[in-house]
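Please walk through this model with me. We will take it one region at a time.

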Amino acid sequence: MMQPILSARGLVHNFGEGPSAVQVLKNIDIDILPAEVLLLVGPSGSGKTTLVHILGHLLRPTAGKITICGKSTETLDEDRLAELRLQHFGFIFQAHNLFPMLTATENVMVALDLMGVDKDVARVRAHELLGSVGLGHRVDAFPAELSIGQKQRVAIARALAADPEILIADEPTAALDSENGLKAMELLQALARNGRRAVVIVTHDFRIFQFANRVLHLEDGRIVDKPPESSHSFGAGSAS
Ligand SMILES: Nc1ncnc2c1ncn2[C@@H]1O[C@H](COP(=O)(O)OP(=O)(O)OP(=O)(O)O)[C@@H](O)[C@H]1O
């Protein structure tokens, strides 16, 4: 059995306190494996975004434990959590969150700057990252000059800045047409396979199921219909 990059056990999350508290995650166990594309699917409100925020350490769970490469993250203070996020995670959100006044290169450099990378080195690295997502010819473009698919690629390049083990994407194809959605997924799948990193995707988009190694269904804060280990890989996305 492959060693998970991240293991979460008994995750519970409540929003609110006391009698008005709402439990949105109920005793979730999850392992994230190297080189896998893991899809989280389920009805609106089932807790998918809350779960990936907790897995990405953007939100602390009400209860439960997470280990990354075998080390518990439970007792880390806010500064250590910020370091951990920078080091281990890349985030890709639907709205891309690109800075409109900055070029593609500068948008990627922001992430490298946060890591304390020298500006000249960061510029070279940003160009490399943009090249790796097929945007080597658009490094000086501003977001408004890029197509939506290209903007998504800048967001992916930025998420790769720290060469993270886990990429978390919330609805990465929702705003893309079929062609761009498939291209984005091909890129994310290649990043999982080549980089030995995991890509965790929240989605409602059935078109991308073919890229998954595993699909976890969330319903009312629980993982349901967990497939047996033997069906871990299927379809075009098999990592074997
Ligand atoms: N900050 C918050 N405060 C209170 N309740 C929240 C908060 N964030 C989410 N919720 C509630 O928690 C539940 C799970 O929300 P979450 O966004 O995780 O679901 P989701 O499965 O990602 O939904 P969608 O597919 O619509 O994005 C919902 O009932 C939502 O209203």
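What follows covers a sheet, a helix, a ligand shell and three loop residues.

The model is predicted: local features need pLDDT of at least 70, side-chain atom pairs count only at pLDDT 80 or more, and totals for chains, interfaces and linings use all residues. Numbering starts from 1 along each chain, following the sequence as written.

Start with the sheet. It is open and holds four strands, in the order β2-β1-β4-β5. Their pairing is antiparallel. Strands here are DSSP runs of E with at least two residues, helices are runs of H or I with at least four, and both are numbered from the N terminus. Two strands pair if DSSP finds at least two bridges between them. In general, such pairing goes through backbone hydrogen bonds, either parallel or antiparallel. β2 (22-32) and β5 (71-72) are the edge strands, each pairing on one side only.

Now look at β1 and β4. β1 spans residues 6-15 and β4 spans residues 63-68. Five bridges join these antiparallel strands. One residue pair to find is A8 with its bridge partner in β4, I66.

Helix α1 (residues 48-55) packs on this sheet and touches β1 and β2. Contact requires C-beta atoms, placed from the backbone, within 7 Å. The direction of α1 makes about 125 degrees with that of β1. Axes are lines fitted to C-alpha atoms, for helices over the stretch in contact, and angles run from 0 to 180 degrees between N-to-C directions.

Which residues surround the ligand? They are F15, V24, G42, S44, G45, S46, G47, K48, T49 and T50. A residue counts as near if its C-beta atom, placed from the backbone, lies within 6 Å. α1 gives the most to this shell, with three residues. By class, the shell has two nonpolar, seven polar and one charged residues. Nonpolar means Ala, Val, Leu, Ile, Met, Phe, Trp, Tyr, Cys and Pro; charged means Asp, Glu, Lys and Arg; the others, Gly among them, are polar.

Turn to the loops. Most residues other than glycine have a negative phi. E171, not a glycine, has a positive phi of about 50 degrees. E171 sits in the loop between β7 (166-170) and α6 (178-195). D220 also has a positive phi of about 50 degrees without being a glycine. Its loop lies between β9 (214-219) and β10 (222-224).

Are these residues buried or exposed? E171 is partly exposed because it has 18 C-beta neighbours inside 10 Å. D220 is partly exposed too, with 14. Buried means 20 or more other C-beta atoms within 10 Å, exposed means 12 or fewer, and partly exposed lies in between, with C-beta atoms placed from the backbone.

E36 lies in the loop between β2 and β3 (37-41). E36 is buried because 25 other C-beta atoms lie within 10 Å.

How values were computed
Two residues are in contact if their C-beta atoms, placed from the backbone, lie within 7 Å.
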